[in-house]
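User: Hi, I'm new to reading protein structures. Could you walk me through this one, feature by feature?

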Amino acid sequence: MKKDFIERIIENTQKGIVPKAEDLKLIFGCDDKALSPLYERARETAFSVYSDNVFVRGLIEITSFCKNDCLYCGLRRSNKEAQRYRIKEEDIFEICKIGYEKGFRTFVLQGGEDGYFGDEILVPLIEKIKSAFKNVAVTLSLGERTKESYKNLFNAGADRYLLRHETADSKHYKKLHPKDMSYENRKRCLYDLKEIGYQTGCGLMVGSPYQTEESLYKDLVFIKEFYPEMVGIGPFIPHKKTPFKDFEKGSVKKTLIMLALVRILVPKALLPATTALKTADGNGLLKGILSGANVIMPNLTPDEYRTKYEIYDGKTTSDKKCIKEYLENIDNELNKIGRRLNMSRGDYKK
Ligand code: 5AD
């Protein structure tokens, strides 16, 4: 019975029929044995498009300043105890240089919405990175900006942009964000990015406060319609200095199920096994890959800043020691499940 149910869900999802809220509830209630065909189909789907490759992105957390006040995030401006830093342009370039020598071919410049990083700073930085290093992709993850700014950064050479939609339910969006932010503007940004020509990533936290199966259904419908090139999915993890400090963290299992459904719905998407997943579960990285993820994002942020980029409690820093050794270890683990690390740019397959 459960087996037929999961088979039907897989078949429908593959046809683009998104599981309704009540079905999502039932899927979440299934045990691992019943769910295994779902994960298996997600893995097969990733394999059919990207073969055994797991792509590597070097993450650089360039600023912990943020003008926004999202209720879930430790970097929200109301958190007066957050330690703020911003990495100078020259230093960001140097971090890319070290990363390049270690084989990284995608750099993700991520940060809070920090007015310092205007186009006048970012355009020359992106141009410098793109001209100094061959076959490199630059991904930006710097929040909401004007269409004009997105265009300027794209023209400077940025290839990809990550902007999680957070939730596709506008009422839910309001509960997670201050009054001056809206789902409508978020969507505007995402559609602008896509129109400009970026490989565009949306995404969500699983288990964020006030999330329901209905809102997760809306997320899947949005993802199907928007058809992003990338999707970041991780569990919500509370941060002690936010209004959501007493909420429970998101379920790893539900996160893996959402990952698998997104993989089947958007077969060519590049899906990271996120840091939050790794933080919530020591084996999160491999579990993510086994549920259809095909990207990892090791952190290249220098130690002196890294602990200050605290978007949630206990954010893992395990990949900080020797990056070469860290990658070798992951590659070994991946080999056991028929996957291997791929250090190339790893673009979306058109
Ligand atoms: N738990 C998990 N993920 C979080 N993010 C922000 N705060 C948290 C949290 N407490 C995610 C959001 C955001 C990205 C930068 O990190 O989805 O888009």
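User: How many disulfides does a search of the whole structure find?

Analyst: A disulfide is a pair of cysteine sulfur atoms within 2.5 Å. Searching the whole structure here turns up zero disulfides. Keep in mind that this is a predicted model, where local features need pLDDT of at least 70, side-chain atom pairs count only at pLDDT 80 or more, and totals for chains, interfaces and linings use all residues. Residues are numbered from 1 along each chain as its sequence is written, and side-chain values use heavy atoms, with hydrogens and water left out.

User: Why is there no bond between Cys 66 and Cys 70?

Analyst: Cys 70 holds the closest cysteine sulfur to that of Cys 66, but the two are 6.2 Å apart, so that's too far for a bond.

User: And is Cys 30 buried or exposed?

Analyst: Buried means under 20% relative accessible area, exposed over 50%, and partly exposed in between (1.4 Å probe, protein chains only). Cys 30 has a relative accessible area of 0%, so it's buried. Across the protein, 59% of the 350 residues count as buried.

User: What share of the contacts joins residues at least 24 apart?

Analyst: Contact means heavy atoms within 4.5 Å. Take the contacts between residues at least 6 apart in sequence: 76% of them join residues at least 24 apart.

User: Which secondary structure elements does the protein have?

Analyst: Helices (H or I, at least four residues) and strands (E, at least two) are DSSP runs, numbered from the N terminus. This protein has 14 helices and nine strands. Its C-alpha trace spans about 60 × 45 × 35 Å along the principal axes.
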